[in-house]
Amino acid sequence: MSDGTGVSARDAAPDIASDEPITGKFPLPAPPIDWSLLPSPCYVIDEGLLIRNLKLLRDVADAAECKILLAQKAFSMYSFYPLISEYLDGAASSSLFEARLAREEMRKEVHIYAPAYRDDEFDEIRRICDHVVFNSAAQWRRFASRIRGEKSAGENKKININKRSRGLVPLRGTGRSPSGENSAGKTAEARPPSCGIRVNPEYSEIETEIYNPCAPRSRLGTTAAEFEADMKEITRISAGENDFDSPAGLEGLHFHTMCEQGTDTLERTLAVFEKKFGKYLRSVKWVNFGGGHHITRADYDITLLVRLIRRFREKYGVDVYLEPGEAIALNAGFLAATVLDITRNGMDIALLDASAACHMPDVLEMPYTPHILGSAAPGAIQSGNHPHIYRLGSSTCLSGDVIGDYAFRRRLVPGDRLVFCDMAIYTMVKNNTFNGVNLPSIVIHTRKGECRVIKTFGYEDFKSRLS
Ligand SMILES: Cc1ncc(COP(=O)(O)O)c(C=O)c1O
């Protein structure tokens with residue numbers, strides 16, 4: 001903030017520990033940034049805080065002897081991909097475009113999972129991905145021959161599913177290098193990706209329904225009952241024998257059932273997963289435990305995570321992958337916004353140049369209230385430190401475009417800068433220009449303490465997505 005009377009990052013830093021908890025409260029010393037010098041609104045990603053997370057994740061991967069991928073859906077800031085690739089083993093993608101981004105900018109392992117693949121995109125997916133995870137046996141059968149590079153998208157449509165299945169052979173030993181020697185997809189042409197199926201263990205401790213992949217009638221992953229029936233059929237067709245425990249042609253299983261959770265949840269999840277899918281685990285080469293592991297959160301039990309992974313690897317002789325998104329850039333980014341106006345309707349309301357709907361949609365979807373440096377939850381009024389309560393909203397027409405209620409130490413005035421915490425993840429990847437609201441600039445706060453504005457947006461970016 002420009003006038004230094006209470007909500008700038010510098011002034012707020014010593015006060016943070018005494019704030020009443022708000023979800024997303026910033027647990028670290030705030031970086032020494034003069035927010036008033038930055039464009040508004042802007043996302044600021046702190047390189048030092050990002051590296052802090054990456055180092056921890058590398059230590060976990062080394063101790064557990066597992067591989068950790070960046071789930072790009074949470075954080076696709078590719079200017080950091082060279083840095084991220086120094087610590088992580090690759091990237092998990094949800095689409096062809098994310099896979100391309102990882103292949104072009106990171107050059108390590110590229111994995112993909114999508115609930116369903118498009119015919120017209122699959123050949124490129126096959127060419128650039130090291131792991132392809134299918135949502136169902138039907139999807140796998142549909143694309144199995146394309147995985148082997150046998151025919152084009154057009155030809156594929158004409159062929160009957162059972163005939164295609166008959167030709168399946170185990171796709172073992174792809175021999176890919178995790179160091180990205182197949183970058184640019186050249187070697188990938190010769191070697192088919194390693195294939196897996198996402199299963200649904202029907203066990204999740206996620207309480208928010210829209211984030212729960214195991215909610216009743218979920219489309220995400222194959223249940224144990226469906227999987228068993230599919231494997232019987234596939235094994236009968238491909239191997240001509242009744243070896244139901246051998247999912248011929250598959251090299252891996254994938255599950256994703258967690259969200260912002262700890263190792264206690266993973267331990268209970270693994271128990272269910274092993275009970276339901278244990279009989280297949282000695283026949284596969286890798287198991288991907290998905291994302292949702294909040295590894296870089298202060299209270300996360302890393303020792304237990306390492307123990308769980310090592311036990312699993314040794315018991316089944318498989319490679320273990322984790323693909324967290326949040327944990328990579330947790331608490332490593334901020335969104336700086338400016339107060340445009342103050343109005344009153346039953347309480348003080350501050351209108352900002354940042355929007356929940358456009359710039360931090362999880363605030364509405366999850367929903368949650370992000371922490372603001374130097375602010376407190378309205379309950380803190382009792383302490384007397386933060387007597388001024390405001391509802392913060394945006395300048396869009398959506399009446400629900402409200403970020404939350406906050407208490408400040410002094411009155412807000414137009415021109416004040418407010419700094420929202422934990423804004424690196426699920427923000428830039430999800431933002432939009434609803435109402436023609438501009439996108440926030442993107443700034444890196446480097447290890448050397450400099451702020452570098454690496455991207456700004458304008459009318460042309462808005463217009464180019466319309467016609
Ligand atoms: C399949 C899959 N993998 C990984 C992730 C990343 O999860 P998180 O960012 O919570 O770690 C998600 C998130 O939705 C996911 O759906």
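Modeller: Helices here are DSSP runs of H or I with at least four residues, strands are runs of E with at least two, and both are numbered from the N terminus. The model itself is predicted.

Colleague: Where is S136 in those terms?

Modeller: S136 sits in the loop between β5 (131–134) and α6. Its C-alpha atom is 6.5 Å from that of G221, although 85 residues of chain lie between the two positions.

Colleague: What makes S136 buried, exposed or partly exposed?

Modeller: S136 has 19 other C-beta atoms within 10 Å. Buried needs 20 or more, and exposed needs 12 or fewer, so S136 is partly exposed.

Colleague: How is the crossing of helix α5 and helix α6 classed, and why?

Modeller: The axes of α5 (residues 119–128) and α6 (residues 137–147) come within 10 Å and cross at roughly 60°. That angle makes α5 oblique to α6, because roughly parallel needs under 35 degrees and roughly perpendicular needs 65 to 115. The crossing is right-handed.

Colleague: Which residues make the contact between α5 and α6?

Modeller: From α5 come F122, D123 and R126, and from α6 come F143, R146 and I147. By class, this contact has three nonpolar residues, three charged ones and no polar ones.

Colleague: What is notable about phi of E260 and of D422?

Modeller: Phi of E260 is near 55°, a positive value in a residue other than glycine. For D422, phi is also positive, near 55°, and this residue is again not glycine. E260 belongs to the loop between β8 (252–254) and α11 (263–281), while D422 belongs to the loop between β15 (417–421) and β16 (441–445).

Colleague: Why is D422 classed as it is, buried or exposed?

Modeller: D422 has 24 C-beta neighbours inside 10 Å. The cut-off for buried is 20 or more, so D422 counts as buried. E260 has 18 other C-beta atoms within 10 Å and is therefore partly exposed.

Colleague: Which residues does a cis peptide bond join?

Modeller: One such bond joins S40 and P41, with omega about -5°. Another joins M366 and P367, with omega about -15°. P41 is in the loop between α1 (9–12) and β1 (42–46).

Colleague: What pLDDT does the protein average, and which residues stay under 50?

Modeller: The average is 86, and 82% of the residues score at least 70. Residues 153–188 stay under 50, with 64 contacts beyond four places in sequence in the model. Residues 240–248 are also below 50. Where pLDDT is low, the predicted coordinates should not be read in detail.

Definitions and conventions. Residues numbered from 1 in each chain as written. Predicted model: local features only at pLDDT ≥ 70, side-chain atom pairs only at ≥ 80, totals over all residues. Axes fitted to C-alpha atoms, helices over the stretch in contact; angles between N-to-C directions. Parallel < 35°, antiparallel > 145°, perpendicular 65-115°, else oblique. Left-handed = near helix turned anticlockwise from the far one by under 90°. Contact = placed C-beta atoms within 7 Å. Nonpolar A, V, L, I, M, F, W, Y, C, P; charged D, E, K, R; others polar. pLDDT = per-residue confidence, 0-100.
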